[in-house]
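Visitor: Could you pick a single part of this model, look at it closely with me, and then work outwards from there? I would like one connected account rather than a list.

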Amino acid sequence: MILSMDCNKIATSIETEVLKIRDSKQWTKLPSQKGVEISFTDSPSFDGHCYKFSCIIEAPCEVVYGVLKPPPTTDERLRWDKSINGYQPLVTIDENTFISVITTPSILIGFDIWARVCGFVSMQTCSNKFHRGTLGV
(Lines give C-alpha, C1' and ligand atoms only; values in the text may rest on other atoms or scores of the structure.)
Protein backbone atom coordinates (compact mmCIF):
# COMPACT_ATOMS: atom_id res chain seq x y z
CA MET A 1 0.00 0.00 0.00
CA ILE A 2 1.36 3.44 -0.95
CA LEU A 3 0.77 4.99 2.46
CA SER A 4 3.07 2.48 4.12
CA MET A 5 5.94 3.34 1.74
CA ASP A 6 8.51 6.00 2.55
CA CYS A 7 7.07 8.72 0.32
CA ASN A 8 9.86 11.21 1.07
CA LYS A 9 12.38 8.64 -0.15
CA ILE A 10 10.32 8.08 -3.30
CA ALA A 11 10.06 11.86 -3.88
CA THR A 12 13.83 12.30 -3.49
CA SER A 13 14.50 9.43 -5.90
CA ILE A 14 12.11 10.86 -8.49
CA GLU A 15 13.58 14.32 -8.05
CA THR A 16 17.09 12.98 -8.71
CA GLU A 17 15.93 11.30 -11.93
CA VAL A 18 13.96 14.35 -13.09
CA LEU A 19 16.96 16.64 -12.51
CA LYS A 20 19.16 14.29 -14.56
CA ILE A 21 16.63 14.47 -17.41
CA ARG A 22 16.32 18.26 -17.03
CA ASP A 23 20.09 18.69 -17.33
CA SER A 24 20.29 16.50 -20.45
CA LYS A 25 21.78 18.27 -23.47
CA GLN A 26 19.51 16.39 -25.92
CA TRP A 27 16.36 18.55 -25.76
CA THR A 28 14.47 19.29 -28.99
CA LYS A 29 12.77 22.70 -28.99
CA LEU A 30 9.23 23.10 -30.30
CA PRO A 31 7.72 26.43 -31.32
CA SER A 32 6.92 28.68 -28.34
CA GLN A 33 3.25 29.09 -27.49
CA LYS A 34 1.98 32.19 -25.68
CA GLY A 35 5.41 32.94 -24.21
CA VAL A 36 5.99 29.37 -23.03
CA GLU A 37 9.08 27.57 -24.30
CA ILE A 38 8.43 23.87 -24.98
CA SER A 39 11.08 21.16 -25.38
CA PHE A 40 11.14 17.36 -25.33
CA THR A 41 13.66 14.56 -25.00
CA ASP A 42 13.50 10.76 -25.01
CA SER A 43 12.68 9.23 -21.66
CA PRO A 44 15.34 7.00 -20.12
CA SER A 45 12.61 5.23 -18.09
CA PHE A 46 9.81 4.46 -20.54
CA ASP A 47 9.04 4.33 -24.25
CA GLY A 48 8.06 7.95 -24.88
CA HIS A 49 9.10 11.53 -24.28
CA CYS A 50 9.63 13.87 -21.36
CA TYR A 51 8.44 17.45 -21.88
CA LYS A 52 9.83 20.66 -20.40
CA PHE A 53 7.83 23.89 -20.27
CA SER A 54 9.42 27.15 -19.15
CA CYS A 55 8.50 30.80 -18.94
CA ILE A 56 9.23 33.87 -16.84
CA ILE A 57 6.53 34.96 -14.43
CA GLU A 58 6.86 38.46 -13.05
CA ALA A 59 5.32 37.83 -9.62
CA PRO A 60 6.50 37.11 -6.06
CA CYS A 61 7.42 33.48 -5.42
CA GLU A 62 4.65 33.05 -2.84
CA VAL A 63 1.99 34.04 -5.40
CA VAL A 64 3.34 31.67 -8.06
CA TYR A 65 3.64 28.84 -5.54
CA GLY A 66 0.05 29.35 -4.42
CA VAL A 67 -1.16 28.93 -8.00
CA LEU A 68 1.11 26.04 -9.00
CA LYS A 69 0.53 23.85 -5.96
CA PRO A 70 -2.38 21.60 -6.92
CA PRO A 71 -5.45 22.25 -4.73
CA PRO A 72 -7.20 19.58 -2.67
CA THR A 73 -10.44 19.68 -4.69
CA THR A 74 -11.43 19.33 -8.34
CA ASP A 75 -13.51 22.52 -8.43
CA GLU A 76 -10.65 24.67 -7.10
CA ARG A 77 -8.35 23.49 -9.90
CA LEU A 78 -10.87 23.73 -12.73
CA ARG A 79 -11.91 27.24 -11.64
CA TRP A 80 -8.57 28.73 -12.74
CA ASP A 81 -6.86 26.13 -14.97
CA LYS A 82 -8.47 26.29 -18.42
CA SER A 83 -5.72 24.14 -19.97
CA ILE A 84 -7.10 20.93 -18.45
CA ASN A 85 -10.38 19.11 -18.81
CA GLY A 86 -10.30 17.28 -15.50
CA TYR A 87 -8.45 17.04 -12.21
CA GLN A 88 -8.91 14.48 -9.48
CA PRO A 89 -6.94 14.22 -6.24
CA LEU A 90 -6.52 10.51 -5.45
CA VAL A 91 -4.41 10.17 -2.30
CA THR A 92 -3.17 12.81 0.15
CA ILE A 93 -0.11 11.53 1.97
CA ASP A 94 0.64 14.75 3.85
CA GLU A 95 0.23 18.51 3.31
CA ASN A 96 2.87 18.58 0.55
CA THR A 97 2.77 15.06 -0.89
CA PHE A 98 -0.09 13.60 -2.89
CA ILE A 99 -1.16 11.67 -5.96
CA SER A 100 -3.56 13.10 -8.52
CA VAL A 101 -4.84 12.57 -12.07
CA ILE A 102 -5.08 15.33 -14.69
CA THR A 103 -7.03 14.91 -17.94
CA THR A 104 -6.01 17.21 -20.77
CA PRO A 105 -6.41 17.35 -24.53
CA SER A 106 -3.25 17.04 -26.59
CA ILE A 107 -2.00 20.58 -27.28
CA LEU A 108 1.33 19.69 -28.84
CA ILE A 109 0.27 17.60 -31.80
CA GLY A 110 -3.03 19.26 -32.62
CA PHE A 111 -5.11 16.08 -32.56
CA ASP A 112 -8.27 15.81 -30.51
CA ILE A 113 -6.76 13.24 -28.15
CA TRP A 114 -7.35 13.24 -24.42
CA ALA A 115 -4.48 12.33 -22.14
CA ARG A 116 -4.60 11.20 -18.54
CA VAL A 117 -1.55 11.80 -16.40
CA CYS A 118 -1.20 10.28 -12.95
CA GLY A 119 1.30 12.23 -10.91
CA PHE A 120 3.09 11.73 -7.62
CA VAL A 121 3.67 15.30 -6.39
CA SER A 122 6.00 16.43 -3.63
CA MET A 123 6.14 20.18 -3.03
CA GLN A 124 9.23 21.38 -1.19
CA THR A 125 10.46 24.75 0.07
CA CYS A 126 14.16 25.31 -0.46
CA SER A 127 16.39 27.48 1.72
CA ASN A 128 16.62 30.16 -0.99
CA LYS A 129 12.81 30.60 -0.85
CA PHE A 130 12.26 29.23 -4.33
CA HIS A 131 9.81 26.40 -4.54
CA ARG A 132 10.11 23.28 -6.62
CA GLY A 133 7.71 20.55 -7.47
CA THR A 134 8.60 16.98 -8.27
CA LEU A 135 6.36 15.01 -10.56
CA GLY A 136 6.69 11.36 -11.42
CA VAL A 137 4.57 9.95 -14.19
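**From the hairpin outwards**

Guide: Happily! Let's begin where two residues sit between strand 4 and strand 5, the two arms of a hairpin. Please keep in mind throughout that this is a predicted model. Strand 4 takes in residues 86-94, and its pairing with strand 5 is antiparallel, with seven bridges. For a landmark within that pairing, find Y87: the residue opposite, in strand 5, is I102. Now follow strand 5 itself, which spans residues 97-105. Seven of its nine residues are buried, so this arm of the hairpin is mostly covered.

With the hairpin in view, we can turn to the other strands. Strands 1, 2 and 3 make up an open sheet, arranged in the order 1-2-3 with antiparallel pairing. Its edges are strand 1 (28-33) and strand 3 (49-54), each of which pairs on one side only. Ignoring direction, the average turn between neighbouring strands here is 20°. Strand 2, residues 36-42, is linked to strand 3 by six bridges, and these two strands run antiparallel. A useful place to check this by eye is I38, whose bridge partner in strand 3 is F53.

Side chains also deserve a look in this region. E37 and K29 are joined by a salt bridge, with 4.0 Å from N to O. How open are the two partners? E37 is partly exposed at 41% relative accessibility, while K29 has a relative accessible area of 63% and is exposed. The cut-off for exposed is over 50%, which is why K29 falls in that class.

Next comes helix 1, made of the 16 residues 7-22. From first C-alpha to last, helix 1 reaches 22 Å, close to the 22 Å expected at 1.5 Å a residue. Its buried residues are C7, A11, I14, E15 and I21. These lie on the same side of helix 1, because the arc they cover around the axis is only 120°. K9 and K20 are exposed on the other side of helix 1.

K20 leads us to another charged pair, since a salt bridge connects its side chain to that of E17, at 3.4 Å from N to O. Within helix 1 the two are three residues apart, so about one helical turn separates E17 from K20. In general, an α-helix has 3.6 residues a turn, so positions three or four places apart point the same way. The partners fall into separate classes: E17 is partly exposed at 36% relative accessibility, and K20, at 53%, counts as exposed.

One more pair is worth a stop, and R22 takes us there: R22 and D23 form a salt bridge, with 2.9 Å between the closest N and O atoms. Both ends are partly exposed, R22 at 43% relative accessibility and D23 with a relative accessible area of 44%. That completes the tour of charged pairs, as the structure holds three salt bridges.

To return to our starting point, the hairpin has strand 4 and strand 5 as its arms, and strand 5 is the one we saw to be mostly covered.

Note on methods:
Residues are numbered from 1 along each chain as its sequence is written. This is a predicted model: local features need pLDDT of at least 70, side-chain atom pairs count only at pLDDT 80 or more; totals for chains, interfaces and linings use all residues. Side-chain values use heavy atoms; hydrogens and water are left out. Two strands pair if DSSP finds at least two bridges between them. Helices (H or I, at least four residues) and strands (E, at least two) are DSSP runs, numbered from the N terminus. Axes are lines fitted to C-alpha atoms, for helices over the stretch in contact, and angles run from 0 to 180 degrees between N-to-C directions. Buried means under 20% relative accessible area, exposed over 50%, partly exposed in between (1.4 Å probe, protein chains only). The expected span of a helix is 1.5 Å times one less than its number of residues. The arc is that of the directions from the helix axis to the C-beta atoms.
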